[in-house]
Amino acid sequence: MAATATISHSSLITLYSNSQLNTSSVLKNTFLSSTSLVYSSSSTISINSCNTKLCGAVTLKSRNGRGGIRGGRLVCLVASSSSAPSVNLPKALMFDCDGVLVDTEKDGHRISFNDTFAEKELGVTWDVDLYGELLKIGGGKERMTAYFNKVGWPEKAPKSEEERKEFIASLHKRKTELFMALIEKKMLPLRPGVAKLIDQALDNGVKVAVCSTSNEKAAIYLLASSTLGVDPSSCVVIEDSAIGLAAAKAAGMKCIVTKSGYTAEEDFLNADAVFDCIGDPPEERFDLSFCGSLLEKQYVS
């Protein structure tokens with residue numbers, strides 16, 4: 001679908017934290033019939049719409065301990081459409097970002113890491129399989145640090161621990177810039193059916209949240225339901241990974257998995273439904289009504 005290039009003067013909200021712009025900004029290339037999402041250089045997006053209003057954005061505070069929140073942002077959209085929602089529809093849809101909205105990892109983040117390594121002449125290349133293994137480590141800076149600790153640091157890397165942290169931070173900053181260039185060139189389109197399902201939700205008064213973290217999922221889905229003012233049992237989560245599925249189920253929510261390139265072989269036994277994508281007609285896999293049906297019965301795909 002065509003992207004908008006119009007910057008509005010409406011409220012700005014931060015979509016991601018821990019200096020991780022990452023794939024949340026791919027929403028710039030989203031056009032949801034009545035909603036324009038536009039990325040700006042200040043790590044925010046603006047929402048310009050005739051029938052959609054901003055509900056709120058909540059910063060996840062860092063805290064230590066098991067189950068602690070590692071950091072992230074939550075963006076909520078609430079439709080102000082006059083059409084009354086169907087009785088069987090969920091109160092809220094919650095979308096993970098990477099792998100759900102856009103399949104970014106293999107052809108987005110990985111490419112940007114490699115281009116950064118090449119620019120800095122580090123002699124490092126992450127192929128598709130290796131990057132799949134590295135994705136088990138949450139966070140780009142943490143991923144690079146763990147990799148270099150294992151295989152050895154490049155000759156051009158500093159020797160002290162503090163200088164290496166700064167080195168990694170500079171690599172990650174450049175990687176993010178290169179990733180954003182891919183977004184600007186519209187090289188990473190939305191996955192099939194994403195825009196359709198969000199349109200359906202907003203048109204029917206169903207609240208929508210994009211939930212993403214730079215590390216472990218932690219308690220972000222519970223925070224989302226609290227922020228939106230809806231009961232967790234009335235929410236449906238769209239995820240692509242086993243860890244995201246576990247987080248959704250731990251929050252007491254229904255969860256549909258749409259497999260992505262790096263998660264296709266993961267265990268989704270506890271999912272309420274599993275598909276390869278959401279899908280657009282005539283190859284639609286499911287719609288908003290199907291999401292609502294999950295609240296009444298268990299569906300086996």
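## Strands 9, 10 and 11

Two strands pair if DSSP finds at least two bridges between them. Keep that in mind as we walk through this predicted model, starting with strands 9 and 10. These two run parallel to each other and are joined over 4 bridges. One place to look is Val-237, whose bridge partner in strand 10 is Cys-255. Between the two strands, the chain passes through helix 7 (residues 242-250), giving a β-α-β crossover that is right-handed.

On to the next pairing: strand 10 also pairs with strand 11, again in the parallel sense, over 3 bridges. Here Val-257 stands opposite Val-274 of strand 11. How many residues of strand 10 are buried? Of the 5 residues in strand 10 (residues 254-258), 4 are buried, so the strand is mostly covered.

## The largest nonpolar core

Now for the packing. The largest nonpolar core has 30 residues, and the members touching the most others are Leu-93, Phe-95, Leu-197, Ile-238, Ile-256 and Phe-286. Several elements supply at least two residues each: strand 7 (92-95), helix 4 (161-184), helix 5 (194-203), strand 8 (207-213), strand 9 (235-239), strand 11 (273-275) and helix 8 (288-293). Which element gives the largest share of this core? That is helix 5, with 5 residues.

Ile-238 is a handy residue to click on in the viewer. Setting aside neighbours within four places in sequence, Ile-238 is in contact with Met-94, Phe-95, Asp-96, Val-100, Leu-197, Ile-256, Thr-258 and Phe-286. There is also a second, separate core of 20 residues, and among its members are Cys-211, Tyr-221, Ala-247 and Ala-271.

## Ser-233, in the loop before strand 9

Ser-233 sits in the loop that links helix 6 (220-228) to strand 9. Is this serine buried, exposed or partly exposed? Its relative accessibility is 47%, and because exposed means over 50% and buried means under 20%, Ser-233 counts as partly exposed.

What does Ser-233 touch, not counting residues up to four places away in sequence? The answer is Gly-252 and Leu-295. Ser-233 and Leu-295 are 62 residues apart in sequence, yet their C-alpha atoms are 7.6 Å apart in space. Within its own loop region, the side chain of Ser-233 makes a polar contact with the side chain of Asp-231, at 2.5 Å.

Terms used. Residues numbered from 1 in each chain as written. Predicted model: local features only at pLDDT ≥ 70, side-chain atom pairs only at ≥ 80, totals over all residues. Heavy atoms only, no water. Core = buried A, V, L, I, M, F, W, Y, C linked by side-chain atoms within 4.5 Å. Buried < 20%, exposed > 50% of the residue type's maximum accessible area, 1.4 Å probe, protein only. Contact = heavy atoms within 4.5 Å. Polar contact = N/O pair within 3.5 Å; in protein donor to acceptor, adjacent residues only side chain to side chain. Right-handed = clockwise from strand over helix to strand, strands pointing away.
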